[in-house]
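Student: I should like a close look at a single part of this model, set out as one connected account. Please begin with the criterion for burial, and then proceed to the part itself and its surroundings.

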Amino acid sequence: MDISIPTFPVHHSTLSLDIEGHKTEIIISSYEDHFLVIVTQIGSMGTILHARKEEGVSIHPTFNVSVTFGKRDEPMLVACARQLIEYISASGYSKGLVLSLGLKDHSVGTLKHIVSAVIEKLPVWLGMEHAFIFT
């Protein structure tokens, strides 16, 4: 009897790296209407942000970033989400972003490394996105 184990229906990728002396895990998942990016140095989800491009008549894009759960008094976390949604939008995608940041270190240097690492990994996802539609 051949038993096949179904694969997880959400395509995802993981990355482990050291940022400012802290082991950092990054998980990127692609859903039909959102990207989910989880970044953790604490082994769990932290502040959760939602970012999206506002559709309107303006020729200049407008982005909305809000804190769903967690620290609302850290503007650098919002800036991190904004940079990522701007990159996704500039790549031609209208998907939103849900970003979880469970960090020990909230410094500018750490957040720059996180944005760079995710942006480095996203082109693979953005290029493969169409391949996942029918698989």
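Tutor: A residue is called buried when its relative accessible area is under 20%, exposed when that area is over 50%, and partly exposed in between. Serine 30 has a relative accessibility of 10%, so this residue counts as buried. The model is a predicted one, and the part chosen here is helix 1, together with the sheet on which helix 1 packs.

Serine 30 offers a way in. This residue belongs to strand 2, which spans residues 22–30. The side chain of serine 30 is joined to that of lysine 95 by a polar contact of 2.8 Å. Lysine 95 in turn leads to the helix, since isoleucine 85 lists Lys95 among the residues that it touches.

Helix 1 covers residues 75–90, 16 residues in total. From the first C-alpha to the last, helix 1 reaches 22 Å, close to the 22 Å expected at 1.5 Å a residue. The buried residues of helix 1 are Leu77, Cys80, Ala81, Leu84, Ile85, Ile88 and Ser89. They lie on the same side of helix 1 because they cover an arc of only 165 degrees around the axis. Pro75 and Ala90, on the other side of helix 1, are exposed. Glycine 92 follows the helix, with a positive phi near 95 degrees.

The sheet comes next. It is open, has 6 strands in the order 1-2-3-6-4-5, and shows mixed pairing. Its edges are strand 1 (11–19) and strand 5, each of which pairs on one side only. On average, neighbouring strands of the sheet are turned by 15 degrees against each other, direction ignored. Helix 1 packs on this sheet, where it touches strand 3 (34–40), strand 4, strand 5 and strand 6. The direction of helix 1 makes about 145 degrees with that of strand 6.

Strand 4 (residues 47–54) has antiparallel pairing with strand 6 (residues 96–102), over 5 bridges. Within this pairing, threonine 47 has leucine 101 as its bridge partner in strand 6, and alanine 51 stands opposite leucine 97. Strand 4 also runs antiparallel to strand 5 (residues 62–69), to which 7 bridges join it. There, isoleucine 48 has phenylalanine 69 of strand 5 as its bridge partner.

Isoleucine 85 shows the packing at the level of one residue. It is found in helix 1 and counts as buried because its relative accessibility is 1%. Leaving aside residues up to four places away in sequence, isoleucine 85 touches Ala51, Arg52, Lys53, Phe63, Lys95, Gly96 and Leu97. Among these contacts are Ala51 and Leu97, the two residues that stand opposite one another in strands 4 and 6. Isoleucine 85 and lysine 95 lie 10 residues apart in sequence, with 8.6 Å between their C-alpha atoms.

A final point concerns the loop between strand 1 and strand 2, in which glutamate 20 is found. With a relative accessible area of 44%, glutamate 20 is partly exposed. Its phi is positive, near 55 degrees, although the residue is not a glycine. Most residues other than glycine have a negative phi.

Terms used: Residues are numbered from 1 along each chain as its sequence is written. This is a predicted model: local features need pLDDT of at least 70, side-chain atom pairs count only at pLDDT 80 or more; totals for chains, interfaces and linings use all residues. Side-chain values use heavy atoms; hydrogens and water are left out. Two strands pair if DSSP finds at least two bridges between them. Helices (H or I, at least four residues) and strands (E, at least two) are DSSP runs, numbered from the N terminus. The expected span of a helix is 1.5 Å times one less than its number of residues. Buried means under 20% relative accessible area, exposed over 50%, partly exposed in between (1.4 Å probe, protein chains only). The arc is that of the directions from the helix axis to the C-beta atoms. Axes are lines fitted to C-alpha atoms, for helices over the stretch in contact, and angles run from 0 to 180 degrees between N-to-C directions. Contact means heavy atoms within 4.5 Å. A polar contact is a pair of N or O atoms within 3.5 Å; within protein, one must be able to donate a hydrogen and the other to accept it, and residues adjacent in sequence count only if both atoms are side-chain atoms.
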